[in-house]
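Grab a viewer and something to scribble on. Here are a few exercises to work through, with solutions right below each one.

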Amino acid sequence: MRADTWLEELSVSGLGEVDEPAFTGLAERHRRELHVHCYQMLGSFEDAEDTVQETFLRAWRRRETFEGRSTFRAWLYRIATNACLDLLAKRRPEPASGGEVPWLQPYPDRLLDELPAGDADEPEAVALARETIELAYLVAVQHLAPRPRAALILRDVVGWPAKDVAELLGDSVNSVNSALQRARAGMREHLPAERQDWTGGEEDTGTREVVRRFTEASVATDINALAALLRDDVRCSMPPTPGLQVGRDAVVNDWVEDGFVGMTGLRAVPTSVNRQPALGFYQWREREGAYLPLTIDVLRITGGAISEITTFHADQFPRLGLPERLPADGTE
């Protein structure tokens, strides 16, 4: 049976007569949104990749359990959520003592652009989609226990009714509502204090200007110019390297101690991840005769100043679609 024909009959026919190519074709339509869902649950791009593959494998093996009482998409979400919970039950990592999440990985905007349009014309839906993929939200989610985490994401992000979440988790609606309350309280504890300000639409002129100044100051290793762009309560982390610096003085002192001021031969390529501005930094390597990947800085900008910098290592460059090297003239 062809996938498009089956799609029309799915609500009544079930999956018993569907061959593997047709099944795979229809499941693939939901890959990106399932991947983002698993990423929100797990905080790791790589773990999300593995979990989506596990989801598709489980779905194929259990296809006869689909009875058409829900949509195929909802059925896949159930399997994906359970796969995430199973992974967390086997090896749930704990945030570091300072609150940073060592396993956190960036999610390139070019892949987020593959998500279904959904309610793209609804401002509230657009804001929700942005804020629930930003790194600050992801970090806060990782502090929650697995089942409250699932309840929060399914209710507040995916938009499921409480009774559907209760059925998935094998709990009562009251238990789900209680878990949701605990999860929301945990999020308030770990989210930035100015949450109502840290999201909102496309980058405005002020944000682009801050990114421009940060880029120029970084390439010039101008520590004073960089310090002037930071909020007093700025936070800086570098997963998976442990350590969280909080406050302008702590961040600047860390840069000085790491030898940043003496660096030379830097170039920067702008990009965007997790719906935030980001910069891929390269450093000149004489032996290779090229600028090679160094780090990626992801910025959170609040009120015209940098409130958070999350720095990732060079191993993330390929995933973000950044060049593997820049030639001597600095062009891509």
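The exercises below go from the whole chain to its sheet, a helix and a single side chain, and they all use a predicted model.

**Exercise 1: the whole chain**

Work out which secondary structure elements the chain has, and how much of the chain is buried.

*Solution.*
- Start with the elements: there are 14 helices and six strands.
- Next, burial. Of the 332 residues in the chain, 49% are buried.
- Now the outside: about 16,200 Å² is exposed, and carbon and sulfur atoms supply 47% of that area.
- Finish with the contacts. Take those between residues at least 6 apart in sequence, and 64% of them join residues at least 24 apart.

**Exercise 2: lay out the sheet**

Find the strand order of the sheet and name its edge strands.

*Solution.*
- Walk across the sheet and you read β2-β1-β6-β5-β4-β3, an open arrangement of six strands with mixed pairing.
- The two edges are β2 (241-246) and β3 (266-273), since each of them pairs on one side only.
- Going from one strand to the next, the twist averages 20°.
- Now add a helix: α14 (residues 248-257) lies across β1 (230-238), β2 and β6 (305-313). Its direction makes an angle of about 45° with β1.

**Exercise 3: follow β4 and its two neighbours**

Describe how β4 pairs with β3 and with β5, and pick out the residues with positive phi in the two hairpins.

*Solution.*
- Take the β3 side to begin with. β3 and β4 are antiparallel and share eight bridges. One bridge pair to look up is threonine 271 with alanine 278 of β4.
- The β3-β4 hairpin has two residues between its strands, and asparagine 274 has a positive phi near 50° there.
- Switch to the other side. Strand β4 (residues 276-285) also runs antiparallel to β5 (residues 290-302), with eight bridges joining them.
- Two spots help you fix the register here: alanine 278 stands opposite valine 298, and glycine 280 has isoleucine 296 as its bridge partner.
- So alanine 278 ties into both neighbours, with threonine 271 as one partner and valine 298 of β5 across from it on the other strand.
- The β4-β5 hairpin has four residues between the strands, and its turn holds glycine 289, with a positive phi of about 65°.
- Lastly, check burial: eight of the 10 residues in β4 are buried, which leaves the strand mostly covered.

**Exercise 4: a covered helix**

Determine how many residues of α3 are buried, and what covers them.

*Solution.*
- Check the geometry: α3 (residues 31-42) has 12 residues and spans 16 Å between its first and last C-alpha, close to the 16 Å expected.
- Count the burial: 11 of the 12 residues are buried. Among them are Arg32, Glu33, His35 and His37, along with Leu34, Val36 and Met41.
- Look for the cover, which includes α4 (45-61), α5 (72-91), α6 (109-112), α8 (135-141) and α9 (146-158).
- Step past the end of α3 and you hit glycine 43, with a positive phi near 80°.

**Exercise 5: one aspartate**

Decide whether aspartate 164 is buried or exposed, and find a side chain that it contacts.

*Solution.*
- Locate aspartate 164 in helix α10 (residues 162-169).
- Its relative accessible area is 18%. The cut-off for buried is under 20%, so aspartate 164 counts as buried.
- For the partner, look at lysine 163: a polar contact of 3.2 Å joins the two side chains.

Terms used
Residues are numbered from 1 along each chain as its sequence is written. This is a predicted model: local features need pLDDT of at least 70, side-chain atom pairs count only at pLDDT 80 or more; totals for chains, interfaces and linings use all residues. Side-chain values use heavy atoms; hydrogens and water are left out. Two strands pair if DSSP finds at least two bridges between them. Axes are lines fitted to C-alpha atoms, for helices over the stretch in contact, and angles run from 0 to 180 degrees between N-to-C directions. Contact means heavy atoms within 4.5 Å. Buried means under 20% relative accessible area, exposed over 50%, partly exposed in between (1.4 Å probe, protein chains only). Accessible areas come from the Shrake-Rupley method with a 1.4 Å probe; for residues, only the protein chains shown count as cover. A polar contact is a pair of N or O atoms within 3.5 Å; within protein, one must be able to donate a hydrogen and the other to accept it, and residues adjacent in sequence count only if both atoms are side-chain atoms. The expected span of a helix is 1.5 Å times one less than its number of residues.
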